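Please walk through the structure shown below, beginning with the placement of a single residue and moving on to the core and the charged pairs.

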Amino acid sequence: MNIKLHCFINDITGTTGLSIIREIVSGERNPVKLASLKDGRIKASLEEIAASLTGDYRSELVFILEQEL
């Protein structure tokens, strides 16, 4: 999928990481909406997170992400 969420979120299994992953699996692709799910403790700005979530959401990779979730 070539998104770089790990660059701004240390714990991908935390509140923000799981919220974003669940939304991706449910069909959301808008990086701004996904970035708005960030917890207040995340120091990165919405713009930085949105830029890291811009990518190619190929259906087979989203399916694998759903299986892993």
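In which helix is the place of Ala-51? Ala-51 lies in helix α3, where helices are DSSP runs of H or I with at least four residues, strands are runs of E with at least two, and both are numbered from the N terminus. The model is a predicted one, in which local features need pLDDT of at least 70 and side-chain atom pairs count only at pLDDT 80 or more, while totals for chains, interfaces and linings use all residues. Residues are numbered from 1 along each chain as its sequence is written, and side-chain values use heavy atoms, with hydrogens and water left out.

Ala-51 is exposed, because its relative accessible area is 52% and the term exposed applies over 50%, with buried meaning under 20% and partly exposed the range in between (1.4 Å probe, protein chains only). From Ala-51 to Ala-35 the C-alpha to C-alpha distance is 8.9 Å, although 16 residues separate the two in sequence.

The largest nonpolar core, by contrast, is made of buried residues: a nonpolar core is a set of buried Ala, Val, Leu, Ile, Met, Phe, Trp, Tyr and Cys residues joined through side-chain atoms within 4.5 Å. This core has 14 residues, and those with the most contacts inside it are Ile-20, Ile-24, Leu-34, Ile-49, Leu-53 and Tyr-57. Two or more residues are given to this core by each of the elements α1 (15-26), α2 (31-35) and α3 (46-52). In soluble globular proteins, nonpolar side chains tend to be buried together.

Once neighbours within four places in sequence are left aside, Ile-24 is in contact (heavy atoms within 4.5 Å) with Ile-3, Arg-29, Leu-34, Tyr-57, Val-62 and Leu-65. Of these partners, Leu-65 has its place in helix α4 (residues 59-68), and, with its own neighbours within four places likewise set aside, Leu-65 is in contact with Met-1, Ile-21, Ile-24 and Val-25. The C-alpha atoms of Leu-65 and Val-32, which are 33 residues apart along the chain, are separated by 20 Å.

The structure also holds two salt bridges, a salt bridge being a side-chain nitrogen of Lys or Arg within 4 Å of a carboxyl oxygen of Asp or Glu. One joins Arg-41 to Asp-39, with the closest N and O atoms 2.7 Å apart; Arg-41 is exposed at a relative accessible area of 66%, whereas Asp-39 is partly exposed at 22%. The other joins Arg-58 to Glu-60, with the closest N and O atoms 2.8 Å apart, and here Arg-58 is partly exposed at 40% relative accessibility, while Glu-60 is partly exposed at 41%.
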